[in-house]
Amino acid sequence: MKTLITGGAGFIGYHLTNYLLKNTKADLVLIDNFTRGKWDAALDALRTNPRVTFIELDLTDQDSYSKLGSGYNHVYHLAAINGTKNFYEIPHEVLRINMQTLEFMLEWFRKNNNKGKFLFTSSNEAYAGALEAFNQLPIPTPENVPLVISDTYNPRWTYAASKLIGELFVINYAAQYKFKAVIVRPHNFYGPRAGKDHVIPEFSLRIKRREDPFIISGADNTRSFCYIDDAVRAMAELMKSKTTNNLPIETVHIGAREEISMENLAKKLFVISGWKPKKIVIKQAPEGSVLRRLPDISKIEKLIGWKPEIDLDDGLKRTYKWYISNYKLL
Ligand SMILES: NC(=O)c1ccc[n+]([C@@H]2O[C@H](COP(=O)([O-])OP(=O)(O)OC[C@H]3O[C@@H](n4cnc5c(N)ncnc54)[C@H](O)[C@@H]3O)[C@@H](O)[C@H]2O)c1
């Protein structure tokens, strides 16, 4: 069994690799160019595993694809430029890199992996524009809602556009060349080694600094968070399952049902840390922030029987502990 993971040094790629090492016999090839993923002790530990091969390359360089080899059973295409800061600072690169890497991967995949299955990580951002434009998506939100770019002049939507077109690319390549594929839309995965640009690491690090007064923006906004171990298990199970081998391919939400407000999230982390500020200051949510975001995850449960197992308190404890001991690496 041969598996390839692009973006293997990133947050999801790293945890997926560990999951596959523990739960399958597959040999793993990890591809990354380290624009975001970090070469740290955790990755070094993976490198010493005889089942893991690291190839450092830029997937926008189509000439380098000969280094990937061929005949993979599973290809997880995770590499992309994400992070809200990038959407505003380098929107043209978000579009170029996300589109080129996907297009070149699909071309390489269809020519070199005739028995393989392809997984593409889209995003809930692909439908977030519909919320902004019409403010009436069903909650929880199922997979088949319209995907909308609400304003082509707002660079924030470049990432969403790359995922929207990305979904069309994968659906139509799979249909045309008759290969197995699945599209997943991750909803707020969290856990150790997720960088700093996410609310849970951000709150954890501000708690570590004993920030007082403690500012919470959009305190009544609710989100749901899916712990990374549950998330990568879902991805691996989708790839393994025969229920996702048919055409047209399936698009599937991965996320959690439990909803929590930003204020209650901060309060849970105060309890875990054993510290709380004397004063909490509530500020307005950033412009464009939606009040509720909650995925409908009934489809994945029906397809493969998956549901999240790690509850928020447990996941937050593990994540907080990791951030407090590893903050120097960030
Ligand atoms: N983490 C989430 O909750 C979440 C939510 C929605 C969508 N996603 C999607 O899931 C995928 C993985 O997300 P993540 O959180 O692990 O992100 P990440 O940024 O941690 O990992 C992406 C990896 O891709 C690599 N990469 C970028 N451009 C590359 C290139 N040209 N060549 C080779 N490697 C390149 C980066 O160096 C990085 O290690 C992405 O496609 C992302 O858009 C993630």
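This report walks through a predicted model, from the ligand shell to a few backbone details.

## Around the ligand

Let's start with the ligand, which has 28 residues around it. Those that come nearest are Gly-7, Gly-10, Gly-37, Ala-80 and Thr-121. Three elements give two or more residues to this shell: helix 1 (11–23), strand 2 (27–32) and helix 4 (91–112). Helix 1 provides the largest share, with 3 residues.

What is the make-up of the shell by class? It has 13 nonpolar and 12 polar residues, along with 3 charged ones.

## Helix 4 and its buried face

Helix 4, one of the contributors to the ligand shell, deserves a visit of its own. With 22 residues at 1.5 Å a residue, helix 4 should span 32 Å, and its end C-alpha atoms are 31 Å apart, which agrees. Its buried residues are Val-94, Ile-97, Asn-98, Thr-101, Leu-102, Met-105, Leu-106 and Phe-109. Seen down the helix axis, these buried residues fall within an arc of 145°, so they line one face of helix 4. Turn to the other side of the helix, and you will find His-92 and Lys-111 exposed.

What do the buried residues of helix 4 pack against? Their partners are three strands, namely strand 1 (2–6), strand 4 (74–77) and strand 5 (117–121), together with helix 3 (84–89) and helix 6 (157–177).

## Asn-82, a buried loop residue

Strand 4 and helix 3, both packing partners of helix 4, are also the elements on either side of the loop that holds Asn-82. Is Asn-82 buried or exposed? Asn-82 has 22 other C-beta atoms within 10 Å, and 20 or more are needed for a residue to count as buried, so Asn-82 is buried.

Asn-82 can also be related to helix 4 through Val-94, one of the buried residues of that helix. Asn-82 and Val-94 are 12 residues apart in sequence, and their C-alpha atoms are 7.4 Å apart in space.

## Strand 11 and its parallel partner

Moving along the chain, we come to strand 11 (residues 250–254). Of its 5 residues, 4 are buried, so strand 11 is largely enclosed by the rest of the structure. Strand 6 (residues 180–186) runs parallel to strand 11, and 5 bridges join the two. Within this pairing, Glu-250 of strand 11 is the bridge partner of Val-182.

The loop between helix 8 (228–240) and strand 11 contains Pro-248. The peptide bond leading from Leu-247 to Pro-248 is cis, with omega near -5°.

## Other backbone details

Another cis peptide bond is worth a look: the one that joins Ile-139 and Pro-140, where omega is about -5°. Pro-140 sits in the loop between helix 5 (125–134) and helix 6; helix 6 appeared above among the elements that pack against helix 4.

Two residues other than glycine have a positive phi: Phe-34, with a value near 60°, and Arg-193, with a value near 65°. Phe-34 is placed in the loop between strand 2 and helix 2 (41–47), while Arg-193 lies in the loop between strand 7 (189–190) and helix 7 (199–208).

Which of these residues is exposed, and which is buried? Phe-34 has 12 C-beta neighbours inside 10 Å and a residue with 12 or fewer is exposed, so Phe-34 counts as exposed. Arg-193 is buried, with 22 other C-beta atoms within 10 Å.

Note on methods: Residues numbered from 1 in each chain as written. Predicted model: local features only at pLDDT ≥ 70, side-chain atom pairs only at ≥ 80, totals over all residues. Near = placed C-beta within 6 Å. Nonpolar A, V, L, I, M, F, W, Y, C, P; charged D, E, K, R; others polar. Expected span 1.5 Å × (residues − 1). Arc of directions from axis to C-beta. Contact = placed C-beta atoms within 7 Å. Pairing = 2+ DSSP bridges.
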